[in-house]
Amino acid sequence: MFGIPGKAAVSISPAAARQISRLMTRDGSQGLRIGVKKGGCAGMEYTMDYVREVNPLDEIVEQDGARVLIAPMAQMFLIGTEIDYETSLLESKFVFRNPNVAEACGCGESIKFKDQPAG
């Protein structure tokens, strides 16, 4: 919908592709849908949900057995994002490296996009 012809809307690191593929297999889902919603201290938050039914308007990115679907209303906010999966001693999590983000809160869970009005 908002993508660049011939280029995936988002990139998926090998670690994220492995984890997404594992989650798809474990849950029997068709992929993970990523989106954004209002919330958090910076104004917006990422969402991730298992996909039972593909929306024909979703942007689909497939890599190494992983399938990510981008919700229609989130596509313009996520173009150029790299999805990674990091594991540390205390936690494992998906990380979004998004060039469209102007600022993030201290906890890293909430973001503000460039040119987004405050409040």
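Here a biologist and a modeller talk through a predicted model of one protein chain.

Biologist: Let's start with the overall layout: how many helices and strands does the chain have?

Modeller: Following the sequence from its start, you meet the pattern β-α-β-β-β-β-α-β-β-β-β. Each α in that pattern is a helix and each β a strand. The chain therefore comes to 2 helices and 9 strands.

Biologist: What share of the residues counts as buried?

Modeller: A residue is called buried when its relative accessible area is under 20%. The accessible surface of the chain is about 7100 Å², with 53% of that belonging to carbon and sulfur atoms. Of the 119 residues, the buried share is 37%.

Biologist: And what part of the contacts with a separation of 6 or more comes from residues 24 or more positions apart?

Modeller: A contact here has heavy atoms within 4.5 Å. Among contacts with a separation of 6 or more, the share from residues 24 or more positions apart is 50%.

Biologist: Let's look at Ser13. Is Ser13 buried or exposed?

Modeller: Ser13 sits in the loop between strand S1 (10-12) and helix H1 (14-27). Its relative accessible area is 8%, and the cut-off for burial is under 20%. So Ser13 is buried.

Biologist: Which residue's side chain makes a polar contact with the side chain of Ser13?

Modeller: Leaving aside residues up to four places away in sequence, Ser13 touches Gln63, Glu82, Ile83, Asp84 and Tyr85. One of these also meets the Ser13 side chain in a polar contact, at 2.6 Å. That partner is Asp84.

Biologist: Now for the aromatic rings: how are the rings of Tyr46 and Phe96 arranged?

Modeller: The structure holds 2 aromatic pairs. In the pair of Tyr46 and Phe96, the ring centres are 4.2 Å apart and the planes meet at 15 degrees. Planes under 30 degrees apart count as stacked, so the arrangement of Tyr46 and Phe96 is stacked.

Biologist: How many residues apart are Tyr46 and Phe96?

Modeller: Tyr46 belongs to strand S3, while Phe96 belongs to strand S7 (residues 92-97). Phe96 counts as buried, at 17% relative accessibility. The pair links distant parts of the chain, and the separation is 50 residues.

Biologist: Finally, what distance separates the C-alpha atoms of Glu45 and Lys112?

Modeller: Glu45 lies in strand S3 (residues 44-50) and is partly exposed, with a relative accessible area of 22%. Along the chain, Glu45 and Lys112 are 67 residues apart. In space, their C-alpha atoms are separated by 8.5 Å.

How values were computed
Residues numbered from 1 in each chain as written. Predicted model: local features only at pLDDT ≥ 70, side-chain atom pairs only at ≥ 80, totals over all residues. Heavy atoms only, no water. Helix = DSSP H or I, 4+ residues; strand = E, 2+ residues; numbered from the N terminus. Buried < 20%, exposed > 50% of the residue type's maximum accessible area, 1.4 Å probe, protein only. Areas by Shrake-Rupley, 256 points an atom, 1.4 Å probe, with all protein chains shown as cover. Phe/Tyr/Trp six-rings, centres within 6.5 Å; stacked < 30°, edge-to-face > 60°. Polar contact = N/O pair within 3.5 Å; in protein donor to acceptor, adjacent residues only side chain to side chain.
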